[in-house]
Structure formats: structure tokens, C-alpha cells
Amino acid sequence: MKKTMKSLALVIAMIIGSNAAHAQAFDEGTKVFSLGYGFPNFTKSVFKALSSSSTDGSTKVTGAGPIHFRFEYGLSETWGIGASINFANAAWEDTYTGTVFNNVTQQNETKTFTDKWTRRALSALVRFNKHFPISDKADVFTGVGLGYNSVKNDYDSSNPDGIQFSVNNNLFPVGFEWTVGMRYYFTDNIGAYVEGGLAKSILQFGLAIKLD
């Protein structure tokens, strides 16, 4: 009887262990697509600071992102490899009046001019994630990405005496990111994610779609 109970306990333990091993949100062969939005937009914040100090015109600051797109493939139950693409832009626009000389009328005329500074940043990285699955719905992970980063600055002015330039900051086009995050699946395939760290934003969240 005692031997039978031991055998039964062993079988139950094996069943529970087998179910626990498979009852997790990330596994070998799992494919995850995610799309998210991050905060803050650092360039937009700088432009707003510049705008607040302007007293000679009307300024406007706009921007989008950071927008984060990721794909990950499960190499094992705890490791994944994928791609991380991130984009952000911001624009600072200053409208002001100035005096120009009209060669036809031979008189000074007052006109309205606009200066606009636009900055765009794009990175495409290879990313590795280490996973700590909690259950079949929750997946905690940390990831590191390394790859290409491009930043472009454009400055345009409608003022004939204004400054105009276009600069690509590609002297050292290396991008890096490191984050800690969590995915939570509401269904077998659709969930939400949140990440914090360094990835063109400090905090990001969005949609995650899993394909087994």
C-alpha cells in the first residue's frame, strides 16, 4: 500500500510538473508582435523649453512618438531573439515679423516669416530577451538591443536672411536599448505590454499579439 501511494504521488507530481512547464506565456517557437507608444518625447520636451523662452514671435511645438514596433521569436522557454524598430520626431516652429527692402518700390516692407526646426530619430536593433514566465497569461522579461540609429535635423526659414541646413548625425550611428517589462494576455493570443528603461523613451505600453 505504501509503495502504491508513493507511485501514485510520483505520477501526480509528474503530471503537475508537466502542466506547469507548459502553462506559461512564452515558450520555444513562440512569436510575438508588439506595437507601443512611449513617453516622454525628449526632443519635444526640449523644443517646448525653447518655446517658453521665446518673446519675439509665436511658437508652436509638435511631435509624434516614440513609436515602438517589435518582433520576437522564442529560442527556448526563457530566451528570445527579435527585432526592435523605434521612431520619434518633433518640430519647433517660430512665426515672427521682419522688415525687408523691396527693390521694386524701393521701400522697406513688413512681412511675416516662419522658421522651422524638425528632428527625426529612427533605430533598428537586434534584441535579446530573457523571460521569467509567471503563468500562461503573464510574462516578465528583460531585454537588450543593439543596432543602427539615425538622427536627422532640418532647419528651414522663409526669411531670405534666415538659416537653412540639413544634418544627418551619423558619425556614430549605433543604437542601444535596455528595458524591463511585462506582457499580460487577455486571450490566448492578444494582450498588452508595458516596459520601462532606455529605448527612446523611459516608459512605453501597447498591444502584444502572440502566435504559437
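**Rings, charges and a buried alanine**

**View 1. A lysine over a tyrosine ring.** In this predicted model, K210 lies over the face of Y185, with 4.5 Å to the ring centre. A second charge over a ring turns up elsewhere: the charged end of R183 sits over F141, 4.7 Å from the centre of that ring.

**View 2. F33 meets F71, one of the aromatic pairs.** The model has six aromatic pairs in total. To describe a pair of aromatic rings, you give the distance of the centres and the angle of the planes. For F33 and F71, the centres are 4.9 Å apart and the planes stand at 45°, so this pair counts as tilted. The two partners come from distant parts of the chain, 38 residues apart: F33 belongs to strand β1 (residues 31–39), while F71 belongs to strand β2 (residues 58–74). How accessible is F33? Its relative accessibility is 33%, so F33 is partly exposed. F71 is partly exposed too, at 27%.

**View 3. F39 stacks with F205.** Here the ring centres are 6.1 Å apart and the planes make an angle of 20°; because stacked means planes under 30 degrees apart, this pair gets that label. F39 sits in strand β1 and F205 in strand β9 (residues 203–211), so the pair ties together parts of the chain that are 166 residues apart in sequence. Both rings are partly exposed, with a relative accessible area of 42% for F39 and 44% for F205. Look for Y37 as well: together with F39 and F205, Y37 forms one aromatic cluster.

**View 4. A90, tucked into strand β3.** Is A90 buried or exposed? With a relative accessible area of just 1%, A90 is buried, because the cut-off for buried is under 20%. A90 is part of strand β3, which covers residues 79–102. Leaving aside neighbours within four places in sequence, the contacts of A90 include N41, T43, K44 and F47. T62 and G63 also touch A90, as do W117, T118 and R119. Now try V46: from C-alpha to C-alpha, V46 and A90 are 9.6 Å apart in space, although 44 residues separate them in sequence.

**View 5. A stretch to read with care.** Across the protein chain, the mean pLDDT is 83, and 83% of the residues reach 70 or more. Residues 8–21 tell another story: pLDDT stays under 50 there, and the model gives this stretch one contact beyond four places in sequence. Where pLDDT is low, the predicted coordinates shouldn't be read in detail.

Definitions and conventions:
Residues are numbered from 1 along each chain as its sequence is written. This is a predicted model: local features need pLDDT of at least 70, side-chain atom pairs count only at pLDDT 80 or more; totals for chains, interfaces and linings use all residues. Side-chain values use heavy atoms; hydrogens and water are left out. Rings of Phe, Tyr and Trp (its six-membered ring) pair if their centres lie within 6.5 Å; planes under 30 degrees apart count as stacked, over 60 as edge-to-face and the rest as tilted. Helices (H or I, at least four residues) and strands (E, at least two) are DSSP runs, numbered from the N terminus. Buried means under 20% relative accessible area, exposed over 50%, partly exposed in between (1.4 Å probe, protein chains only). A charge sits over a ring if NZ of Lys or CZ of Arg is within 6 Å of the ring centre and within 35 degrees of the ring normal. pLDDT is the predictor's confidence in each residue, from 0 to 100. Contact means heavy atoms within 4.5 Å.
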